[in-house]
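Biologist: Could you take me through one part of this model in some detail, starting from a single helix and working outwards to what surrounds it?

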Amino acid sequence: MGAGERYDVIVVGMGGMGSAAAYHLARRGKRVLGLERFDIGHGMGSSHGVNRIIRLAYFEHPDYVPLLRHAYRLWRETEQAYGEQLLFITGSIDAGPRGSRVAAGSLASCIEHGLDHEELTARELAERFPGWQLPDGYAAVYQPEGGFVASERAILAHVWLALGHGAEIRAREPVLAWSSTGDGVSVRTPQGTYHAERLVMSAGAWMGEMVPALAGKAVPERQVIGWFWPKDPALFALDRFPVGNLLTEHGHFYVFPQWGMPGFKIGLYHHLNETGTADDLPREANARDEEALRAGIRHYFPAADGPVMSLRGCLFTNTPDEHFVIDTLPDDPRVIVASPCSGHGFKFASAIGDILADLASGARPAFDLGLFKLDRLGKAA
């Protein structure tokens with residue numbers, strides 16, 4: 001097929017959500033066109049940087065947990081179909097001052113959904129996992145099923161599998177415009193115009209520019225993640241250091257054991273609070289970025305305070321309440337939007353891809369998507 005041809009579904013953006021949607025649609029026998037403005041597997045958006053945390057103990061809201069269970073199942077299925085491990089289990093830690101949102105919210109999700117977990121004091125945490133060194137008065141929740149998804153490999157897996165099921169994927173082909181038509185949707189690129197019955201918009205940090213209903217409500221934010229060579233590397237090995245979220249007076253950090261890149265990996269939510277347009281926010285990291293990350297290392301992971309190995313910029317795209325948007329447009333149910341995911345979405349990509357395939361096929365998803373409705377943003381604003 002080519003420009004002017006008709007598809008069942010066009011998917012815009014082949015990042016975490018779009019690549020998964022293309023795969024789940026193609027495996028259902030749909031004629032799928034996937035469009036990506038950059039390369040397949042690129043460093044300009046939100047899904048690069050080797051890996052992303054996955055965790056069942058979800059402090060953000062207990063309603064995410066059923067969707068997470070589905071995501072775990074589908075990551076395992078995708079691994080089997082692709083023939084490569086994508087999901088790695090390390091256990092997860094959610095910690096902060098006793099009673100803080102991260103520790104208390106994680107515990108609430110564990111209790112509500114009957115998740116296996118342990119409550120640990122700062123001292124108990126350090127005794128079990130010496131890479132973690134938290135102040136007295138901090139509390140932690142350990143959940144053994146947490147870990148990470150190999151995000152870059154997962155996107156490639158979904159694209160390979162989509163292609164294997166007959167999808168057409170086109171990289172380096174940006175969308176210039178799209179519109180609803182009498183019998184579907186049209187999408188225009190520099191190569192021509194494509195037509196489909198339905199359109200899935202999963203353009204990440206570009207969603208606010210491409211979907212008028214999200215203008216001003218899907219805000220790109222610059223992030224930097226870093227890898228640092230530990231003074232004691234053994235403490236941050238895959239089998240000795242759980243992934244984690246840590247809320248502190250120095251910010252909200254997220255951390256990983258060594259894997260895929262040399263060094264302990266750390267990021268800081270809302271990093272330096274830099275927002276702007278996706279094309280204008282700088283991806284290059286600098287000394288100020290490194291210092292923001294080292295503040296977390298020095299205070300809470302001192303054995304990791306060694307030479308920097310790598311710093312990489314990426315983008316979050318935040319809603320006002322930091323929950324996702326997964327919905328159809330109110331004035332055209334043939335257009336499905338998936339994103340922004342506010343910095344915590346990749347772990348769900350396998351499940352959201354399946355849900356997008358439902359919505360683009362006219363099927364009713366098996367999950368309550370009320371938390372992710374688009375119209376709430378108008379009310380919140």
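**Helix H3 and the sheet around it**

Modeller: Sure, and keep in mind that this is a predicted model. Start with a quick sanity check on helix H3, residues 101-113: at 1.5 Å a residue, its 13 residues should span 18 Å, and since the end C-alpha atoms are 18 Å apart, the two agree. Plenty of H3 is tucked away: Val-102, Ala-103, Gly-105, Ser-106, Leu-107, Ser-109, Cys-110 and His-113 are buried. Those buried residues pack against helix H2 (64-82) and against strands E5 (92-97), E6, E7, E14 and E15. Just past the end of H3, Gly-114 has a positive phi of about 65°.

Now for the sheet. The strands that H3 packs on, E5, E6, E7, E14 and E15, belong to an open sheet of 8 strands with mixed pairing, in the order E6-E7-E5-E14-E15-E16-E13-E17. At the edges sit E6 (118-121) and E17 (308-318), each pairing on one side only. Neighbouring strands are turned by 20° against each other on average, ignoring direction.

Follow the order to the E17 end and you reach E13 (residues 219-228), which runs antiparallel to E17 and is joined to it by 10 bridges. One such pairing puts Gln-223 opposite its bridge partner in E17, Cys-314. As a reminder, strands of a sheet pair through backbone hydrogen bonds, either parallel or antiparallel.

Another helix is worth a look here too. H7 (residues 287-300) lies across E7 (138-143), E13, E14 (243-248), E15 (251-256), E16 (264-268) and E17, and runs at about 55° to E13. So E7, E14 and E15 turn up in both lists, for the buried residues of H3 and for H7.

Methods: Residues numbered from 1 in each chain as written. Predicted model: local features only at pLDDT ≥ 70, side-chain atom pairs only at ≥ 80, totals over all residues. Heavy atoms only, no water. Pairing = 2+ DSSP bridges. Helix = DSSP H or I, 4+ residues; strand = E, 2+ residues; numbered from the N terminus. Axes fitted to C-alpha atoms, helices over the stretch in contact; angles between N-to-C directions. Contact = heavy atoms within 4.5 Å. Expected span 1.5 Å × (residues − 1). Buried < 20%, exposed > 50% of the residue type's maximum accessible area, 1.4 Å probe, protein only.
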